Amino acid sequence: MSTTDYEIERDILIEAPIEVVWRTVTEPDQMTLWFADKVDLKVEPGAHGSMGFGEQGGLVVVEDVEPPTRFSFRWNHPAGEEPTPSNSLLVEFTLAPEGEHTRLWVTESALGSIDRPDIDKAKYAEEHNHGWGEFLDRLARLHAERT
Amino acid sequence: MRTEPDDELWVAIADPSRRRVLDLLVQRGEATASTLADQVPFTRQAVSKHLVVLEEAGLIDRRKQGREVLFRVDADRLDQATRPMADVAREWDRRLATIKRLAEAAHAEAQRATRTRRP
């Protein structure tokens, strides 16, 4: 078991209404334009599907679908297993209107693969939230300043 | 896709308190355990434990100067530790940029169509 625990958060401002951004993010034929080469997925909670990247591919299980603000799925879990917080990556998209435009956030996280009680896990996830991206960005900046 | 750096290293930097200590060391360049303990809300003993884990992961090393022990960051190792995550983050930046381009093009197209229908 890998102990790859991380959370990455990124966001972007898009000059289009939230419904348009929602369709771009969630419609399988749109997803093939920005994500995988092949997307076989029903966008509804609990749906099992797959994504192909060239020769490689993997299973995807949809978690939350709340149009037009939230879409999340789990992937990268071992074939033949149901995804759980400890064997998969969670990808979450959050959309919010910003004036006439839309702010889109994405987080990709792998949590829980380090053995610890569940109560700690919640706290751990909380502490991780928004921490990683900033930490990395700062390190990269400091590193660049020194060299 | 999934990154698989060595476990010791990930465990070392997955803990928020340890990241805080490491972060301080990156900022200061070099520091003693006491100096670091003055700037974090946990004890010197806790700082020392964190330093041992970071050292075992190869992220920092120590040298003696008189009666003091100074810790400093191993820049190459830190770079190696953060690169897989930075790569994943860059990948998402690229995907978000593509989503932006697609959505803005679709929106512009829809507006043009509306104007054509109702001149």
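This passage describes confidence, one helix and one set of paired strands in a predicted model. Residues are numbered from 1 along each chain as its sequence is written, and chains are lettered from A in the order in which they are written. Local features need a pLDDT of at least 70 and side-chain atom pairs count only at 80 or more, whereas totals for chains, interfaces and linings use all residues; side-chain values use heavy atoms, with hydrogens and water left out.

The mean pLDDT (the predictor's confidence in each residue, from 0 to 100) of chain A is 79, and 71% of its residues score at least 70. Within chain A, helix α1 (residues 18-26) has the highest mean, 97, and helix α3 (residues 118-128) the lowest, 45. Helices (H or I, at least four residues) and strands (E, at least two) are DSSP runs, numbered from the N terminus. Over residues 112-132 of chain A, pLDDT stays under 50. Where pLDDT is low, the predicted coordinates should not be read in detail.

In chain B, the buried residues (under 20% relative accessible area, 1.4 Å probe, protein chains only) of helix α4 (residues 44-56) are B:Val47, B:His50, B:Leu51 and B:Leu54. These residues lie on the same side of α4(B) because they cover an arc of only 105° around the axis, taken from the directions from the helix axis to the C-beta atoms. On the other side, B:Gln45, B:Lys49 and B:Glu56 are exposed (over 50%).

In chain A, strand β6 (residues 89-98) runs antiparallel to β5 (residues 70-75), joined by six bridges, and to β7 (residues 101-110), joined by nine. A:Phe93 of β6(A) stands opposite A:Phe71 and has A:Val106 as its bridge partner in β7(A).

Notes: Contact = heavy atoms within 4.5 Å. Pairing = 2+ DSSP bridges.
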